[in-house]
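Student: Could we sit down with this one and go through how to read its features, one at a time? I'd like the general idea first and then the case at hand.

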Amino acid sequence: WTEAEMWEAVERGPHKSSLTAAAIAHFAEESAEKVRVGQAKLVLWDDIKDNPPPQLKVSPIMVQAHKSKAFRSILDLSFRLRLRSGGFLSSVNEATVKLAPQGALDQLGHALSRIIHAFAEAEDDAKIFMAKWDIKDGFWRMDCAEGEEYNFAYVLPQEEGKPITLVVPTSLQMGWVESPPYFCAATETARDIADTYCNTPVGSLPDHKFIKHVRGDAAVGALPERDASDSPCRYCLEVYVDDFMSIVIPTSREQLDHVATAVMTGNHDVFPANIIDGNDPISEKKLLKGKGQYSPFKTLLGFDFDGDRKTLWLEEEKRAKLLTILHQWLRATSREHGIPFIE
């Protein structure tokens with residue numbers, strides 16, 4: 001971008017959805033927190049406008065309603081600014097030279113098939129246990145190369161009259177075209193490391209700080225603490241973007257603890273642990289909801305898996321929604337009036 005184009009982008013500022021009093025308060029709190037944890041920095045436009053960083057690009061920020069909080073911030077890296085000269089300024093995504101490894105993305109389409117295959121290969125009398133872990137704020141844990149963070153700058157929404165402030169995230173952003181392959185390369189690496197740990201002798205890994213969250217299911221309690229026969233640990237590890245899934249046919253509780261510790265330790269080797277559990281890369285919020293607890297019944301990739309019967313169903317909420325639509329169609333259609341094409 002030229003210096004004149006940067007000026008126009010700064011003057012254009014954030015999306016109008018970001019300029020309500022509630023949204024401004026949201027951005028003030030969010031930007032302060034991102035600065036506190038080292039994931040962003042604030043830069044006054046007056047301090048750099050005469051000699052801006054060469055990578056500086058300014059995209060509009062907007063807000064969307066979110067199910068678990070008031071707003072979700074969305075940085076529109078596909079936005080093309082119409083210049084006063086009549087042309088368009090290329091978006092960050094359009095200007096990106098794609099260098100991220102694509103192989104990790106290719107794995108996404110095979111994760112569900114491999115889980116189904118693992119179920120199909122299990123003996124009829126085998127009991128399959130499953131657990132799942134999520135990486136919290138995944139893209140925000142991927143640091144930009146020094147200087148490249150200025151590609152993700154945006155004008156902080158503020159009340160009129162305040163000095164123009166740029167928020168410069170120092171981490172990959174959700175809307176960047178290269179964020180998914182870079183992030184998936186990291187999570188696939190964590191999966192590979194976890195697999196290496198799984199192949200160490202059962203009981204050889206020190207207990208993970210979150211190990212208590214994988215215990216508690218009655219079916220797990222029915223397993224012996226240890227396997228006197230020292231049977232091999234049979235497991236399958238899959239990752240889908242930020243979801244780590246463990247499928248195990250255990251002969252003891254010790255085997256389940258071993259696989260869980262391997263997965264969580266592998267995660268922390270790539271996404272370093274935080275001494276504050278609520279800020280840890282492994283989502284404590286999801287652990288407290290029981291997502292990481294081993295059970296013969298678990299929702300994985302939108303399907304409810306039954307480790308006893310070796311079956312899978314479409315997730316109940318989605319199944320109910322589809323059945324409702326089908327029933328509406330059956331009641332409303334006839335030979336003369338079919339289903340609206342858009343539906």
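Student: How are helix 7 and helix 9 oriented to each other?

Tutor: This is a predicted model, so keep that in mind throughout. For a helix pair, take the angle between the axes and see which range it falls in. Anything over 145 degrees would count as roughly antiparallel, and 65 to 115 as roughly perpendicular. Helix 7 (residues 179–198) and helix 9 (residues 253–270) pack at about 140°, their axes 7 Å apart. That angle falls in neither range, so the two helices are oblique to each other.

Student: And which hand does the crossing of helix 7 and helix 9 have?

Tutor: Right-handed.

Student: Which residues of helix 7 and helix 9 meet?

Tutor: From helix 7 you get Ala186, Thr189, Ala190, Ile193, Ala194, Tyr197 and Cys198. On the helix 9 side, the list includes His258, Val259, Ala262, Val263 and Gly266. Sorted by class, the contact has 10 nonpolar, five polar and one charged residues.

Student: Next, strands. How do I read the two faces of one?

Tutor: In a regular strand the side chains alternate between the two faces of the sheet. Now try strand 6, residues 129–134. Phe129, Ala131 and Trp133 are on one side, while Met130, Lys132 and Asp134 are on the other.

Student: Are those two faces of strand 6 covered or open?

Tutor: Both are covered, and all of the residues I just named are buried. Put as a count, six of the six residues in strand 6 are buried. For the chain as a whole, 42% of the 343 residues count as buried.

Student: Which strand is joined to strand 6 by six bridges?

Tutor: The general idea is that strands of a sheet pair through backbone hydrogen bonds, either parallel or antiparallel. Here the partner is strand 10 (residues 243–249), and the pair runs antiparallel. To find your place in the register, look for lysine 132, whose bridge partner in strand 10 is methionine 245.

Student: What about a whole sheet, say the one with strands 11, 12 and 13?

Tutor: Read the order, then the edges. This one is an open sheet of three strands, ordered 11-12-13 and paired antiparallel. Strand 11 (297–300) and strand 13 (311–314) each have a single partner strand, so each is an edge with one side lacking a neighbour in the sheet. The twist averages 25° from one strand to the next.

Student: How many bridges hold strand 11 to strand 12?

Tutor: Four, with strand 12 covering residues 303–306. One pairing to look up is threonine 299 with aspartate 304.

Student: Which helices lie across strand 12 and strand 13?

Tutor: Helix 6 (residues 111–121) lies across strand 11, strand 12 and strand 13, and runs at about 20° to strand 12. Helix 11 (residues 316–332) lies across strand 12 and strand 13, running at about 55° to strand 13.

Student: Can we zoom in on one residue of helix 6, leucine 112? What is it in contact with, leaving aside neighbours within four places in sequence?

Tutor: Leucine 112 touches Leu301, Phe303 and Phe305. Its relative accessibility is 24%, which means it counts as partly exposed. The C-alpha atoms of leucine 112 and valine 239 are 9.8 Å apart, though 127 residues separate the two along the chain.

Student: And how do I read contacts over the whole chain?

Tutor: Check sequence separation. Among contacts with a separation of 6 or more, 73% come from residues 24 or more positions apart. The chain has 11 helices and 13 strands.

Conventions. Residues are numbered from 1 along each chain as its sequence is written. This is a predicted model: local features need pLDDT of at least 70, side-chain atom pairs count only at pLDDT 80 or more; totals for chains, interfaces and linings use all residues. Side-chain values use heavy atoms; hydrogens and water are left out. Buried means under 20% relative accessible area, exposed over 50%, partly exposed in between (1.4 Å probe, protein chains only). Two strands pair if DSSP finds at least two bridges between them. Axes are lines fitted to C-alpha atoms, for helices over the stretch in contact, and angles run from 0 to 180 degrees between N-to-C directions. Angles under 35 degrees count as roughly parallel, over 145 as roughly antiparallel, 65 to 115 as roughly perpendicular and the rest as oblique. A crossing is left-handed if the near helix is turned anticlockwise from the far one by less than a right angle, and right-handed if clockwise. Contact means heavy atoms within 4.5 Å. Ala, Val, Leu, Ile, Met, Phe, Trp, Tyr, Cys and Pro count as nonpolar, Asp, Glu, Lys and Arg as charged, and the others, Gly among them, as polar.
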